[in-house]
Amino acid sequence: MYVLGIETSCDETGVAIYHEFKGLVAHRVFSQIEMQKRFGGVVPELASRDHVIRILPLIKEILIEAEITKHQLSAVAYTAGPGLIGALLTGAAFGKTLGFALNIPTIAIHHLEAHLLAPLLEANKPQFPFLALLVSGGHTMLVHVLELGHYRILGESLDDAAGEAFDKTARLLNLPYPGGPLLAKLAESGNPNAYNLPRPMLDRPGLDFSFSGLKTKAAQLINTHPVLSPELKADLAASVQEAIVDSLVLKCQRAIHQTQEKQLVIAGGVSANLRLRTKLQNMMNQEGGMLFYPRQEFCTDNGAMIAYAGFMKMKKGIYDDSLALEAKARWPLTEV
Ligand code: KG4
Ligand code: ZN
């Protein structure tokens with residue numbers, strides 16, 4: 001069984017083919033960052049138009065790489081939400097049309113569910129049930145993953161997502177879009193203890209997150225310096241990163257204690273952050289547990305996680321034969 005996966009929820013066109021025995025046989029991502037960075041963020045209409053241009057050539061490329069024809073596909077999985085509605089509609093319309101033309105089922109995939117399952121693409125993978133920290137540009141969530149399709153949200157951000165906190169601070173430091181990875185790079189040469197920033201929500205019980213107060217404090221701190229020397233910028237970046245990472249790590253530790261789970265998965269764009277990985281690894285060693293994460297390229301948006309989620313659903317007999325295409329800008333994870 002070959003499953004084609006299509007991801008178009010934001011500014012990456014991702015496609016991949018997953019085979020039940022061979023695993024991932026081909027994948028490609030086209031990132032719109034070069035185009036979108038001129039505008040300092042994602043312009044939804046431009047994102048949709050670019051997906052329309054990219055999707056077909058990318059799929060042709062991976063069919064060649066996988067050495068199969070489209071007639072050997074058994075199903076088409078596409079991201080149905082949450083995300084930018086126009087961008088989602090391009091992938092959904094394409095996926096549904098291809099499914100109809102080939103007379104094969106389609107599977108509407110929840111973008112966050114796919115991120116949660118991405119670590120299962122690796123050789124060293126967790127077993128259900130496990131805890132998951134989902135940290136992306138739009139979401140920060142602690143999820144108890146009980147089994148495929150059964151997710152309990154233990155905590156989430158009450159305001160900004162962790163990725164947003166990285167991106168907004170990066171902008172204050174005059175780093176280009178998307179600032180998260182650049183801020184992390186800059187932080188490597190800075191002192192994480194140079195400035196004492198708040199560790200949000202740690203003084204309160206529960207597993208929710210909040211990053212807007214930290215962002216405001218960082219902005220105030222940055223504004224007290226009329227000139228930002230490279231050393232000062234690095235120290236500010238390292239201190240902000242440390243505050244974000246510490247609050248994520250401590251909430252994960254609380255969730256470990258609460259659930260008694262010994263496996264922690266991190267997924268979503270911010271899970272590429274090396275400081276976060278190191279500090280979570282140290283915490284999990286202390287707790288006698290194991291940390292799992294996707295390879296770097298599958299932390300951010302990609303088609304492989306969609307193809308894999310589609311394959312998992314097909315195995316369970318979850319697919320759609322109707323002609324109605326699904327695209328939802330908002331879609332709670334608990335409603336998959
Ligand atoms: O999962 P993703 O690709 O897209 C969403 O679904 O949001 O996540 C993108 C987010 C952005 O905020 C980006 O700045 C952040 O992940 N990000 C990072 C790193 N790499 C990506 N943040 C911190 N450190 C990184 N190394
Ligand atoms: Zn994502």
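## Gly180 and its setting

Gly180 is found in helix α6. This is a predicted model. Gly180 counts as buried, because its relative accessibility is 11% and the cut-off for buried is under 20%. In sequence, Gly180 and Ile85 are 95 residues apart. In space, their C-alpha atoms are 24 Å apart.

Gly180 also belongs to the group closest to ligand 1. That ligand comes next.

## The surroundings of ligand 1

How many residues surround ligand 1? There are 18. The closest are Gly137, Asp167, Gly180, Gly269 and Asn273. By class, the shell holds 5 nonpolar, 11 polar and 2 charged residues. Three helices each supply at least two residues of this shell: α4 (111-117), α5 (162-172) and α6 (179-187).

Oxygen atoms of ligand 1 approach several polar atoms of the protein. In the side chain of Asp167, an N or O atom is 2.6 Å from an oxygen atom of the ligand. At Asp301, a polar backbone atom is 3.2 Å from a ligand oxygen. At Gly138, a backbone N or O atom lies 3.5 Å from an oxygen atom of ligand 1. On its own, ligand 1 has 560 Å² of accessible area, and the protein covers 85% of that.

## The zinc site

Ligand 2 is a zinc ion. Which protein atoms are the donors of the zinc ion? They are NE2 of His111, NE2 of His115 and OD of Asp301. These donors lie 2.1 to 2.2 Å from the ion. Along the chain, the donors follow the spacing H-x3-H-x185-D. Asp301 thus appears twice in this report: its side chain gives a zinc donor, and its backbone has a polar atom 3.2 Å from an oxygen of ligand 1.

The two histidines sit in helix α4. His111 and His115 are separated by about one helical turn, because they are 4 residues apart in that helix. Are these histidines buried or exposed? Both His111 and His115 are buried. Helix α4 is also one of the helices that supply at least two residues of the shell around ligand 1.

## Strand β1 and its partners

Strand β1 covers residues 2-7. All 6 of its 6 residues are buried, so the strand is largely enclosed by the rest of the structure. Both faces are covered. Tyr2, Leu4 and Ile6 are buried on one side. Val3, Gly5 and Glu7 are buried on the other.

β1 pairs with β2 in the antiparallel sense, over 6 bridges. A hairpin joins the two through 4 residues. β1 also runs parallel to strand β4 (residues 73-81), with 5 bridges between them. Leu4 has a bridge partner in each of these strands: Ile17 in β2 and Val76 in β4.

## From β2 to β3

Strand β2 spans residues 12-19, and strand β3 spans residues 23-31. The two pair in the antiparallel sense over 8 bridges. They form a hairpin with 3 residues between them.

Which residue of β3 is the bridge partner of Ile17? The partner is Ala26. Ile17 is also the bridge partner of Leu4 in β1. Residue by residue, Ile17 links to Leu4 of β1 and to Ala26 of β3.

## Backbone details in the loops

Two cis peptide bonds deserve a look. One runs from Phe128 to Pro129, with omega near -5°. Pro129 is found in the loop between α4 and β6 (130-135). Another joins Tyr177 and Pro178, with omega about -10°. Pro178 has its place in the loop between α5 and α6. Those two helices each supply at least two residues of the shell around ligand 1.

Positive phi values turn up too. Asn103 has phi near 60°, although the residue is not glycine. Its place is in the loop between α3 (85-102) and β5 (106-110). Asn103 counts as exposed because its relative accessibility is 70%. Gln260 has a positive phi of about 65° and is likewise not a glycine. Gln260 lies in the loop between α8 (230-259) and β9 (263-267). With a relative accessible area of 60%, Gln260 is exposed.

Definitions and conventions:
Residues are numbered from 1 along each chain as its sequence is written. Chains are lettered from A and ligands numbered from 1 in the order in which they are written. This is a predicted model: local features need pLDDT of at least 70, side-chain atom pairs count only at pLDDT 80 or more; totals for chains, interfaces and linings use all residues. Side-chain values use heavy atoms; hydrogens and water are left out. A residue is near a molecule or strand if one of its heavy atoms lies within 4 Å of it. A polar contact is a pair of N or O atoms within 3.5 Å; within protein, one must be able to donate a hydrogen and the other to accept it, and residues adjacent in sequence count only if both atoms are side-chain atoms. Accessible areas come from the Shrake-Rupley method with a 1.4 Å probe; for residues, only the protein chains shown count as cover. Ala, Val, Leu, Ile, Met, Phe, Trp, Tyr, Cys and Pro count as nonpolar, Asp, Glu, Lys and Arg as charged, and the others, Gly among them, as polar. Two strands pair if DSSP finds at least two bridges between them. Donors are N, O and S atoms within 2.8 Å of the metal (3.2 Å for Na, K and Ca); water is not among the atoms, so sites may look incomplete. Buried means under 20% relative accessible area, exposed over 50%, partly exposed in between (1.4 Å probe, protein chains only).
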